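Trainee: I should like a close look at one part of this model, namely its cavities. Please describe what surrounds them.

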Amino acid sequence: MSARPRIGTILASLFLLVLSYSMGYYMLNPIMRTLHDEGLIPGTTEENWRFYGGLIASALQGIGLIFSFLWGVLADKKGRRPVLLVLGLVMSIGLLLVPTSRVYDQLLVYFLVFGLGFVGVGPVIYAFISDAIPPESRGKGYAYYYVSSVLAMIVAIIVAGVLLPWRIAYTITGIIVLLTTISLYLSSRGVTIGFSESKRELKAYRFREAIPSLKKKTVLLMLLMIVPWTIPWGMLSVWSIDYIHTKWGVPLENASLIIAMATFSIAVGHILGGTLSDRIVKKGDISGRTKIPLFGVALGYLSMITMILYPYPRGITDLSALLPPSLLVLFGMMFTTFAYPNINSIISEVVIPEHRGTVFAVYSILNNLGWTIGPTFYPWLIGSVFRSADTISSMTTSAAFTVSFWLVVLLIWGLIHKTYPKDRV
């Protein structure tokens, strides 16, 4: 008889894998201007080079969208572990190729290879976590996943922005992704589809039987909500440091430190959002899965929009000047993030195990569509819709408009609050 899988070891391996491959994306944030200065990102004007820089982030997300649905269906048909192995290997190859780039076209192609795995691995991991973690603890389980991706942003900013040349940073990251992929595959032997819900008999996967799961009201609302939810995050993940550096007139090091601290608050938000809703659910109130996101998104939006419109005394680096808007960045990211672990928990609780890979694949396609649009949508607004002689005014208006998509999200969460209890399986 084979030994029962150790969930702690599995989650630790998963944590490190997500941390390392997420760094491959987030390291773009601190090195964008460096890549432009080295001639790898073309463009003679501020708007022009930002477009080409944003195109890298959007393209690597976009190429993965084409294949995400395939990976989700294969995860339901063949199991999550082998698909995770393949995607992890693809990501490591892409990351190891990136530092060999000598021209923009090479850089773009190698990031596209990385994107094939980076985007597609999301729905597979969402389904994998629901296999390993029982329903009443999934808020915390998904929080661990999101915390690792958030900490990756902090580590990426420090490693690629401060400690190491970007080529060395990408080489080391590619090696770590390779090693952690193999570690997760070996440590998760025995985790099968529906492992955490073994009392229920699973049926053979048939795609047409998964369609009703996609038609559930709660699932449809989640799919409607996810693009306006992620467009602002796509903008923030790539342009937040540049925004603070340019508008506030502070050095890149100061801007990077502020975003690093704010990013740490995102990790705190994931943990709080997941654990608070878990506690409410364990007390018998299943609406905790929606109450916590409603509170978080409302408070987070108010903090973020206030920061964007904040009348900062440009060029001043005193702590007394930096502290108020920096705290607004921190609160905006932390409270809004309360929603993320609950999104996955809710989907896993309204969809049966054998269909979760397929549903999460559709969710992930739309999720990454928002992350894909964000990095280019914001500079497009600057250069066209809100273009003016004053670049800072254009940036401010464009950022405020983009973040205000979260008002649509808040409305949809109110509808999910009504449908979710009826749709649970």
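Mentor: Helices here are DSSP runs of H or I with at least four residues, numbered from the N terminus. The model is a predicted one. With that numbering, three helices each supply at least two residues to the lining of the second largest cavity: helix 9 (217-248), helix 11 (288-308) and helix 12 (319-336). Helix 9 provides the largest share of this lining, six residues. The cavity itself has a volume of about 100 Å³ and is lined by 14 residues, with Met-235, Leu-236, Ser-240, Tyr-243 and Met-307 lying nearest its centre. By class, 13 residues of this lining are nonpolar and one is polar, while none is charged.

This cavity is one of six in the structure with a volume of 30 Å³ or more. The largest of them has a volume of about 400 Å³. Its lining comprises 26 residues, and those closest to the centre are Tyr-26, Tyr-145, Tyr-146, Ser-149 and Trp-371. Five elements give two or more residues to the lining of the largest cavity: helix 1 (7-26), helix 5 (104-132), helix 6 (138-163), helix 10 (252-282) and helix 14 (356-385). The class composition of this lining is 16 nonpolar and 10 polar residues, with no charged residues.

The two linings may finally be set side by side. Charged residues are absent from the lining of the largest cavity and likewise from that of the second largest. Polar residues number 10 in the former and one in the latter.

Notes
Residues are numbered from 1 along each chain as its sequence is written. This is a predicted model: local features need pLDDT of at least 70, side-chain atom pairs count only at pLDDT 80 or more; totals for chains, interfaces and linings use all residues. Side-chain values use heavy atoms; hydrogens and water are left out. On a 1 Å grid over the protein atoms alone, a cavity is a set of points where a 1.4 Å probe fits but cannot get out, and a pocket is an open set with protein on both sides within 12 Å along at least five of seven lines; lining residues have an atom within 4 Å of a point. Grid points are joined across faces, edges and corners, and a volume is the space filled by probe spheres set on the points. Ala, Val, Leu, Ile, Met, Phe, Trp, Tyr, Cys and Pro count as nonpolar, Asp, Glu, Lys and Arg as charged, and the others, Gly among them, as polar.
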